[in-house]
Amino acid sequence: MKVIDHSVSGEEFRLIENSEFGFLETRPKPSLDKLPNYYKSEDYISHTDAQRNLFEKAYHVVRKFSLKKKIRLIDSHASESKRLLDVGCGTGDFLQVAKHNDWMVSGIEPNPTARAIANKKTTNAVFGTEELSKFEPHSFDIITLWHVLEHLPNIEQQLVLFNTLLKPNGRLIIAVPNYKSYDAAYYKQYWAAYDVPRHLWHFNRDAINKLCIKHGFEVEHIKPMLFDAFYVSLLSEKYKSGFMNPIRAFWVASISNIKSIRSKQASSLIYVIKKNKSAF
């Protein structure tokens, strides 16, 4: 499939299936020095707290609701130490709420503007990517990546590192888009969650499972992110027809969510992943 970068460059990219894991790869893959240029947009919502229009205001309302659900999820896997690392933490809202719920928080965020905002919310607990490898092994009970894994240039190296940083009974929690969802099939090359080339990889359930098995993890359970279908469908309508058609987007997202009850193929999925002790 050929997909256009609708957000920044207008360039065309291809999606190629990885023969080992079954995820899709964005080709050509931007070099590490050029990749940050594709994030230089005022509309890249995870790097700003702006609420300039109804769409952005709705995004922040939904995010507040989602934050409560995320806290309940990590609390269900908490140990006494409650140490949390959020990779790709954006402007730090999740870390701020976690801190208020008695978690000892650390964050990694490559974007300096977003990192500065996050540090104001977390008392300077957020660092650049170069600090990730400097944490002590077995430091964290939970490592979270909320729509971040698809952005990481070297995912296999990162999974090895995450395994090292987690405590023996720790959990890795990953949220990623699912290209096997109904809304992905409906919008095809206009599906906003492809978001090339910022999204370097495009996952399905089997691909995540294979990655985890290879790197000493086991998928414990999978949860749908039902609100994502509405957000993605709104943007997909904009890319396809030139404007956000809320009625059609709501219809497509609703069908996608209804179908996912049976197929387990929601627009985005949360994977709760534990260390496989038998691998060590």
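Colleague: Which residue follows α6, and what is the sign of its phi?

Modeller: Gly-216 follows α6, and its phi is positive, near 80 degrees. This is a predicted model, in which local features need pLDDT of at least 70 and side-chain atom pairs count only at pLDDT 80 or more, while totals for chains, interfaces and linings use all residues. Residues are numbered from 1 along each chain as its sequence is written, and side-chain values use heavy atoms, with hydrogens and water left out.

Colleague: What is meant by names such as α6?

Modeller: Helices (H or I, at least four residues) and strands (E, at least two) are DSSP runs, numbered from the N terminus. Helix α6 covers residues 205–214.

Colleague: Why is His-151 called buried?

Modeller: A residue is buried under 20% relative accessible area, exposed over 50% and partly exposed in between, with a 1.4 Å probe and protein chains only. His-151 has a relative accessible area of 13%, and therefore counts as buried. His-151 lies in the loop between β7 (140–146) and α4 (155–165).

Colleague: What makes the pair of His-151 and Tyr-39 a polar contact?

Modeller: The term asks for a pair of N or O atoms within 3.5 Å; within protein, one must be able to donate a hydrogen and the other to accept it, and residues adjacent in sequence count only if both atoms are side-chain atoms. The side chains of His-151 and Tyr-39 make such a contact at 2.7 Å.

Colleague: How do you know that the buried residues of α6 are on the same side?

Modeller: The buried residues of α6 are Ala-207, Ile-208, Leu-211 and Cys-212. They cover an arc (taken from the directions from the helix axis to the C-beta atoms) of only 130 degrees, so they lie on the same side of α6. The face turned away from that buried side carries the exposed residues Asp-206 and Ile-213.

Colleague: What covers the buried residues of α6?

Modeller: By contact, meaning heavy atoms within 4.5 Å, the cover includes α4, β8 (166–177), β10 (217–224) and β11 (268–275).

Colleague: Why is one side of β6 and of β10 left without a neighbour in the sheet?

Modeller: Two strands pair if DSSP finds at least two bridges between them. Seven strands form an open sheet of mixed pairing in the order β6-β5-β4-β7-β8-β11-β10. β6 (126–127) and β10 stand at its edges with a single partner strand each, so one side of each has no neighbour in the sheet. β5 (residues 104–108) and β6 pair in the parallel sense over two bridges, whereas β10 and β11 pair in the antiparallel sense over seven.
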